[in-house]
Amino acid sequence: MMRGLIMALAFAAAPAAAEAPKVMRLASLEWLPYVGTMLDREGWSGHVASMAAKPGGYQVRIDYFPWTRAVQLGMRDAQYAGYFPAYYTEERARQCHFSVPIGSSNVGLAYLKGTPLAWNTLQDLAPLKIAVVAGFSNGPAFDTLVREGKLNIDSSPNDMLNLRKLLANRVDAVVIDKLVMRYLLLSEPGLARERDRIAFHDKPLAELPLHVCFQRTPQGREMQQAFNRTLRDMPLKKLESEYFQQLERKAPVTR
């Protein structure tokens, strides 16, 4: 009896053990080199999310799905805090709490060098068959023309399939992030052998900030605020440059 009392008093007097990190579960897609299970620290966006969440006592866990499914689960499933990396749209802003940017995406058009692509306005693209990833936003102006049926769109689940369509002459151009294209042409053997045939147009469609889209709940708001406090002080451009230099050194090159 006395021994038990002494042990109880000892435990009461001991400093409280550090609390286990709270889990911030995010839905995402395999979007290399931004997010992916095979990448160091689960990709650049995964790395930033983990760094931003940690000071608030959160540990990020990423689950991977096709993009449209990731958005549905991130917004509606109580197991998730939200989804990422997401472009800002007014529609999404009504549905979730956006974080401050975790980076940015240079979105443009990939095309075959043997078939030069010249365009000045989006209306100039109307005669072309353009591949996009289903569920992706590609900038307000482009998205508006798509909704109005003024652009000929061919949707696929991911960027790699779209680049393969381009190489097979099934589409005239591909809407893609510049860094994603660069990484895929370095790392995917089937694409790497053909990479000298593909170019990225100098004229961008959009420079789009990337965000975490937290659920519009009190807990989601709390996570967003903790996340943002850290993000605002992070030197993202410097960290991004270092991360992608490291990825390029490690990426397998097939000739």
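Which residue stands opposite His211 in E10? To find the answer in this predicted model, select strand E10, residues 206–215, together with strand E3, residues 82–87. Opposite His211 stands Ala86. E3 and E10 pair in the antiparallel sense, and four bridges connect them.

**Strand E3 and its other partner**

Keep E3 selected and add strand E1, residues 22–28. These two strands run parallel and are joined by two bridges. Here Gly82 in E3 has Leu26 opposite it. Next, colour E3 by accessibility: six of its six residues are buried, so the strand is largely enclosed by the rest of the structure.

**Helix H2**

Move to helix H2, residues 43–53. Nine of its 11 residues are buried, so H2 too is largely enclosed by the rest of the structure. The buried residues are Gly43, Trp44, Ser45, Gly46, His47, Val48, Ala49, Ala52 and Ala53. To see what they pack against, display E1, E3 and E10 once more, and add strand E2 (58–64), helix H9 (218–231) and helix H10 (236–250). The buried residues of H2 pack against each of these elements.

**The disulfide**

Return to E10 and select Cys213, then Cys96 in strand E4, residues 96–98. A disulfide joins the two, with an S to S distance of 1.8 Å. The structure holds one disulfide. Because Cys96 lies in E4 and Cys213 in E10, the pair ties together parts that are 117 residues apart in sequence. The angle about the S-S bond is -95 degrees, and the link is left-handed. Are the two cysteines buried or exposed? Both Cys96 and Cys213 are buried.

**Ser105 in strand E5**

Finally, select Ser105, which is found in strand E5, residues 103–112. Its relative accessibility is 0%, so Ser105 counts as buried. Which side chains make polar contacts with that of Ser105? One is the side chain of Tyr87, at 3.0 Å. Another is the side chain of Asp177, at 2.5 Å.

To complete the view, show the residues that Ser105 touches, leaving aside those up to four places away in sequence. They are Trp31, Tyr34, Tyr87, Asp177, Ala206, Glu207, Leu208 and Leu210. Tyr87 and Asp177 thus appear both in this list and as partners in the polar contacts of the Ser105 side chain.

Conventions:
Residues numbered from 1 in each chain as written. Predicted model: local features only at pLDDT ≥ 70, side-chain atom pairs only at ≥ 80, totals over all residues. Heavy atoms only, no water. Buried < 20%, exposed > 50% of the residue type's maximum accessible area, 1.4 Å probe, protein only. Pairing = 2+ DSSP bridges. Disulfide = S-S within 2.5 Å. Contact = heavy atoms within 4.5 Å. Polar contact = N/O pair within 3.5 Å; in protein donor to acceptor, adjacent residues only side chain to side chain.
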